[in-house]
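Here are a few exercises on strands, sheets and helix packing. Have your viewer ready and try each task before reading its solution.

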Amino acid sequence: MEKGLISVDRWAEGSQAYFLTNLHTDHTQGLSSTWAMAPIFCSRVTAKLFPFKFPNFNLTLLRVLDLGSWHSLSLISPSTGSKVTVQVMAIDAYHCPGAVMFLFRGEFGCMLNTGDFRWEKNCERAKLAKEMLLNALKDDAVDVLYLDNTYCNPTFQFPPREVAVKQFADIISSHPDHDIVIGIDTLGKEDLLLHISNALNVKIWVWPERLQTMHLLGFHDIFTTDTSLTRVRAIPRYSFSINTLEGLNRMHPTIGIIPSGLPWVVKPFEGNGKLFDSLLTSGYNRSKVSSKGGKQNDKRNGNLESVKRFHKYVYSVQYSDHSSYLEIEEFIKHVQPTSMKGIVSSSSCNVDPFYYFGRICGINQPSQKLDNEHQTFGRGGYTGIEKKRKRVGRLGFYLSRVTVMRRGRKGIKLDEN
């Protein structure tokens with residue numbers, strides 16, 4: 001695709017149309033309330049949440065793309081001055097509210113940008129999205145796939161979210177006399193909190209700004225800012241720390257649970273980390289994957305493999321809104337792209353997706369680290385997301401560079417490992 005036409009999750013000058021896959025901070029770096037360069041295309045839910053994240057934004061610049069429908073854009077070729085038609089379709093990415101993939105086609109060919117996504121194999125919502133994508137492709141081949149490669153490494157195997165939410169409920173049920181704190185971001189993990197509320201018949205406390213987001217998403221009766229109504233609290237992730245939990249335990253028995261597919265700490269808790277019997281109520285068969293893609297069955301029932309107790313007050317549950325290694329592999333098998341590029345240029349594996357998945361596409365490409373500079377879309381019209389993570393804090397959390405800087409400005413001390 002010719003440079004100067006479109007950009008996805010990149011907010012520098014030089015394009016005629018901009019596309020936003022989701023509202024997480026690492027996708028909006030450079031975007032502000034004063035934006036005036038060109039229209040921004042996004043999903044309906046993202047457009048609804050947009051004014052809350054960017055107050056006083058000129059909403060006439062937003063263009064809503066309904067899922068599953070082709071939309072045509074008439075642009076001007078910077079090199080020839082002639083008219084160029086680009087077709088685009090938004091497809092549910094099932095990552096956070098409003099998150100979508102973008103499928104582009106035109107004279108340049110066919111290109112798919114997944115943004116951040118999680119399509120679990122047995123998830124009905126993911127099945128519908130996959131069917132939508134395959135129907136849209138028909139006989140077209142995806143020339144370039146821009147892939148969410150956050151967990152593009154056989155190391156990252158974790159259960160479906162359906163299993164992880166049961167693990168959460170089990171841990172909470174096993175601590176009936178404890179207050180519970182769950183570390184979450186400003187957007188995402190809503191399905192997790194809804195399941196906990198329904199399974200345990202409790203309200204969930206959230207901070208005031210998060211409550212506004214919940215109301216915008218249509219959740220009015222489940223969440224509250226009144227701590228006297230519930231023992232389960234969802235707190236900002238940056239507030240979740242050993243120091244916080246130790247302080248809370250001086251007032252009342254409290255445990256913390258952190259949801260993520262990442263290995264949050266290096267060394268598990270060596271004390272009495274025995275989990276209660278109710279934690280065995282759900283199970284799944286785990287598969288181990290070699291770097292060559294071969295599977296080895298590990299028929300263990302129960303979910304103790306993905307629930308870790310790293311401190312006497314802290315549990316880690318592998319609940320992720322990004323696709324696991326096996327799910328990425330399954331996705332690529334369906335799409336069969338001619339070429340691939342990772343959109344996370346500094347992920348926890350930092351390896352070109354071709355290293356593991358080139359065999360699926362029938363292409364042999366030597367492994368290489370992704371450049372720290374932006375990856376290009378076609379001949380430069382798209383610049384991918386640069387996610388820089390640092391491991392900080394006593395729990396070894398992986399945080400974006402922007403998050404670290406923002407919290408530092410707020411005076412929050414972070415001990416870097």
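**Exercise 1: a helix on a sheet**

Task: find which strands helix H2 lies across, and at what angle it runs to E6.

Solution. Start with H2, residues 124-137, in this predicted model. Look for strands it touches: H2 lies across E6, strand E7 (100-106) and strand E8 (109-113). Now compare directions: H2 runs at about 155° to E6. Angles over 145 degrees count as roughly antiparallel, so that is the label for H2 against E6.

**Exercise 2: the sheet underneath**

Task: work out the strand order of the sheet that holds E6, and say which strands sit at its edges.

Solution. Walk across the sheet first: its 6 strands come in the order E5-E6-E7-E8-E9-E19, with mixed pairing, and the sheet is open. Next, check the two ends. Strand E5 (71-76) and strand E19 (339-342) are the edge strands, each pairing on one side only. On average, neighbouring strands here are turned by 20° against each other, direction ignored.

Then zoom in on one pair. E5 and strand E6 (residues 83-92) run antiparallel and are joined by 6 bridges. As a spot check, Ser 74 should stand opposite Thr 85 in E6.

Finally, add another helix. H7 (residues 325-335) lies across E7, E8, strand E9 (144-147) and E19, and runs at about 160° to E9.

**Exercise 3: the other sheet**

Task: describe the sheet that begins with E1: what is its order, and how is it paired?

Solution. Count along it: 4 strands form an open sheet, ordered E1-E2-E3-E4, and the pairing is parallel. Its edges are strand E1 (6-8) and strand E4 (62-64), which each pair on one side only. The twist from one strand to the next averages 25°.

For a closer look, take strand E2 (residues 17-19) and strand E3 (residues 40-42): 2 bridges join them, and they run parallel. Phe 19 has Phe 41 in E3 as its bridge partner.

**Exercise 4: two helices crossing**

Task: how do H3 and H4 cross, and which residues meet there?

Solution. Get the geometry first. The axes of helix H3 (residues 161-173) and helix H4 (residues 190-200) come within 9 Å and cross at roughly 50°. That makes H3 oblique to H4. As for handedness, the crossing is right-handed.

Now list the contacts. Among the H3 residues are Val 165, Phe 168 and Ile 172, while the H4 side includes Leu 192, Ile 196 and Leu 200. Sorted by class, the contact has 8 nonpolar, 2 polar and 1 charged residues.

How values were computed:
Residues numbered from 1 in each chain as written. Predicted model: local features only at pLDDT ≥ 70, side-chain atom pairs only at ≥ 80, totals over all residues. Heavy atoms only, no water. Pairing = 2+ DSSP bridges. Axes fitted to C-alpha atoms, helices over the stretch in contact; angles between N-to-C directions. Contact = heavy atoms within 4.5 Å. Parallel < 35°, antiparallel > 145°, perpendicular 65-115°, else oblique. Left-handed = near helix turned anticlockwise from the far one by under 90°. Nonpolar A, V, L, I, M, F, W, Y, C, P; charged D, E, K, R; others polar.
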